[in-house]
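Student: Could you walk me through this one before I set anything up? I'd like to go from the surface inwards.
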Amino acid sequence: MAAGLKTVILLSFVLAVGFLLIILSCALWANWLPLLVALTFVLAPLPNALFGRCSADDFSAEYESSGPADVGRFLTSVIVVTGFALPIVLAHSEVIRPAACVMSIIGGGLVYGTILAYSAAFRQEESEFD
Amino acid sequence: MSLPRSNYDPRRVCVNPFPNVSLDKHKRSIGVYLAGALFAFACWTFWDAAILSRHARPPSDEPAYGVPVHVTFVDWVPGICSVLGFIIVNLIDKDRVRGDDAFSGDGGAVWRARLFLFIGFAFMAGGLAGSIALHVLKYYLHEYPEQFLYYGYANMSQNVCFMLSAVVLWLAQSSSSEYEYNLTL
């Protein structure tokens, strides 16, 4: 349990750093468009979580070609790429500075990595009880 | 008069069967993720060009030159065709196209599925050809500077990525149905 507690604290720290980078990339140049990146990466695991329940039957999930799960994966991937592409596009058309672009990409990556790592760690602990 | 082939199936249209790449479930999800990433990449390359065109300035060495060309609705048409084709192709039941499912009593369903598949691929190929034609007619022949030729390049790469995304998604999904078929036997 102590290891789990440390993991949670570390992950929350990384999440805070990610949000700090995104907000800093907005506030330093008084241009709040990069905040969309945070919104995008927070929304990214949502389709997988929603549509994953559709194919969560213990037997059929092994074999069957589950259309809803595929829709969830497709949407997740689309949203993740959108999160990375949005600051690049904004920086390319000189709406935001390149530094703000880099900061928001790193921050968004940290936020999304935190969410992924948290769900993976949680799933691992759950399987220990089996 | 030639002899029929040994594995002759009257419902089959193509001589070569569909590629049966046997991937496990893990690779199937990777394929779906890859298809989604390609789809979003395609969208964003074109939107990049559109946003860039909205914020375009004249070249710095000669400001009197002005901005000669913008991304207009014509540039959106090939992408819209490709997306329509993408949707049509992926709505089709893969087993129905192959024509080897046991419960398809009439050949009409197979025929209609193949017709829709053809229409979908025709839309995608039309989008790709349209983007190339658009690049040549609207940008290349007018000999614009390189920063405006980029709009045409973005349009072409958008349609290529849509097509790649459809192919990857098709392969990822059809491979798994083959897997399921083997298991249920």
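Tutor: Bearing in mind that this is a predicted model, we can begin with a nonpolar surface patch of about 520 Å², which is made by A:Leu33, A:Leu36, A:Leu39, A:Leu43, A:Leu46 and A:Leu50.

Student: Which elements give two or more residues to the nonpolar patch?

Tutor: Those are helix H2 (35-43) and helix H3 (46-52) of chain A, and the largest share, 3 residues, comes from H2(A).

Student: Take A:Leu36, then: where does it lie, and how does its relative accessibility count?

Tutor: A:Leu36 lies in helix H2 of chain A, and it counts as partly exposed because its relative accessibility is 37%, between the limits of 20% and 50%.

Student: OK, inwards now. Which residues of the largest nonpolar core touch the most other members?

Tutor: This core has 24 residues, and the ones that touch the most other members are A:Phe74, B:Phe39, B:Phe86, B:Leu117 and B:Leu169. The elements that give two or more residues to the core are, from chain A, H5 and, from chain B, helix H1 (25-54), helix H2 (73-91), helix H4 (107-140) and helix H5 (146-184).

Student: And what does B:Phe86 touch?

Tutor: Leaving aside residues up to four places away in sequence, B:Phe86 touches A:Phe74 from chain A, and from chain B it touches B:Phe39, B:Met124, B:Phe162, B:Ser165, B:Ala166 and B:Leu169. There is also a second, separate core of 15 residues, which includes A:Ala85, A:Val89, A:Leu90 and A:Ala100.

Student: Something charged, for a change: is A:Asp70 buried or exposed?

Tutor: A:Asp70, which lies in helix H5 (residues 67-92) of chain A, counts as buried because its relative accessibility is 4%, under the 20% limit. Not counting residues up to four places away in sequence, its contacts are B:Arg28, B:Val32 and B:Gln173.

Student: New topic, cysteines. How many disulfides does the structure hold?

Tutor: Over all chains there are 0 disulfides.

Student: Why is there no bond for A:Cys101?

Tutor: The closest cysteine sulfur, in A:Cys26, is 12 Å from the sulfur of A:Cys101, which is too far for a bond because a disulfide needs the two sulfur atoms within 2.5 Å. As for its surroundings, A:Cys101 is buried, with a relative accessible area of 9%.

Student: And B:Cys161, how far away is its nearest cysteine sulfur?

Tutor: That sulfur belongs to B:Cys43 and is 10.0 Å away, and B:Cys161 is in no disulfide. B:Cys161 is also buried, at a relative accessible area of 9%.

Key: Residues numbered from 1 in each chain as written. Chains lettered and ligands numbered in written order. Predicted model: local features only at pLDDT ≥ 70, side-chain atom pairs only at ≥ 80, totals over all residues. Heavy atoms only, no water. Helix = DSSP H or I, 4+ residues; strand = E, 2+ residues; numbered from the N terminus. Buried < 20%, exposed > 50% of the residue type's maximum accessible area, 1.4 Å probe, protein only. Contact = heavy atoms within 4.5 Å. Core = buried A, V, L, I, M, F, W, Y, C linked by side-chain atoms within 4.5 Å. Patch = residues over 30% accessible without salt bridge, like charges linked within 9 Å, V, L, I, M, F, W, Y side chains within 5 Å. Areas by Shrake-Rupley, 256 points an atom, 1.4 Å probe, with all protein chains shown as cover. Salt bridge = Lys/Arg side-chain N within 4 Å of Asp/Glu carboxyl O.
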